[in-house]
Amino acid sequence: MIKINEYFNGNVKSMAIITHEGKATVGVMLPGNYEFGTSSEEKMEIIEGEMLVSIPGQEKKTYCKGQYFIVPANIKFNVEILRDTAYICYYK
């Protein structure tokens, strides 16, 4: 069964799946600024589009298609989306 998640008035949607790396979500984000919280380490890989990512203690950086970043557990981080963006997020 596929579980669908919806956030920020429908501007962010994801589907939970199980991959060879374990639990993951595949999703899309429409343009906007979003804050997320983590409970475990996450690997976010950009499938299409780009994200400007702000993680506490790190320099703000833009990630594009084919790139990924690691988000530590138990923090809040921000992303700015300028155009429709698709991603896959792997949970540790």
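**Exercise 1. Describe how strand E2 and strand E3 pair.**

Solution. Strand E2 covers residues 12–19 and strand E3 covers residues 22–29; they pair in the antiparallel sense over 8 bridges. Strands here are DSSP runs of E, at least two residues long, numbered from the N terminus. Two strands count as paired if DSSP finds at least two bridges between them. Next, take one position: Ser 14 stands opposite Gly 27 in E3.

The model is predicted: local features need pLDDT of at least 70, side-chain atom pairs count only at pLDDT 80 or more, and totals for chains, interfaces and linings use all residues. Residues are numbered from 1 along each chain as its sequence is written, and side-chain values use heavy atoms, with hydrogens and water left out.

**Exercise 2. Place E2 and E3 in their sheet, and find the edge strands.**

Solution. Start with the order: E1-E2-E3-E10-E5-E8, an open sheet of 6 strands with antiparallel pairing. Now look at the ends. Strand E1 (3–7) and strand E8 (68–71) each have a single partner strand, so one side of each lacks a neighbour in the sheet. Last, the twist: neighbouring strands are turned by 25 degrees against each other on average, direction ignored. The axes behind this angle are lines fitted to C-alpha atoms; angles run from 0 to 180 degrees between N-to-C directions.

**Exercise 3. Analyse the hairpin of E6 and E7.**

Solution. Strand E6 spans residues 50–54, and strand E7 spans residues 61–64. They run antiparallel, joined by 4 bridges. Leu 52 stands opposite Thr 62 in E7. Between the two strands lie 6 residues. In the turn, Gly 57 has a positive phi of about 85 degrees.

**Exercise 4. Is Ile 88 buried or exposed, and what does Ile 88 touch?**

Solution. First locate the residue: Ile 88 lies in strand E10 (residues 85–91). Its relative accessible area is 11%, so Ile 88 is buried (under 20%; exposed is over 50%, partly exposed in between; 1.4 Å probe, protein chains only). Then list contacts (heavy atoms within 4.5 Å). Leaving out residues up to four places away in sequence, Ile 88 touches, among others, Ile 17, Ala 24, Val 26 and Met 44. The C-alpha atoms of Ile 88 and Val 26 are separated by 4.4 Å, although the two residues are 62 apart along the chain.

**Exercise 5. Summarise the whole chain.**

Solution. Count elements: 0 helices and 10 strands. Then burial: 35% of the 92 residues are buried. Finally contacts: of those with a separation of 6 or more, 60% join residues 24 or more positions apart.
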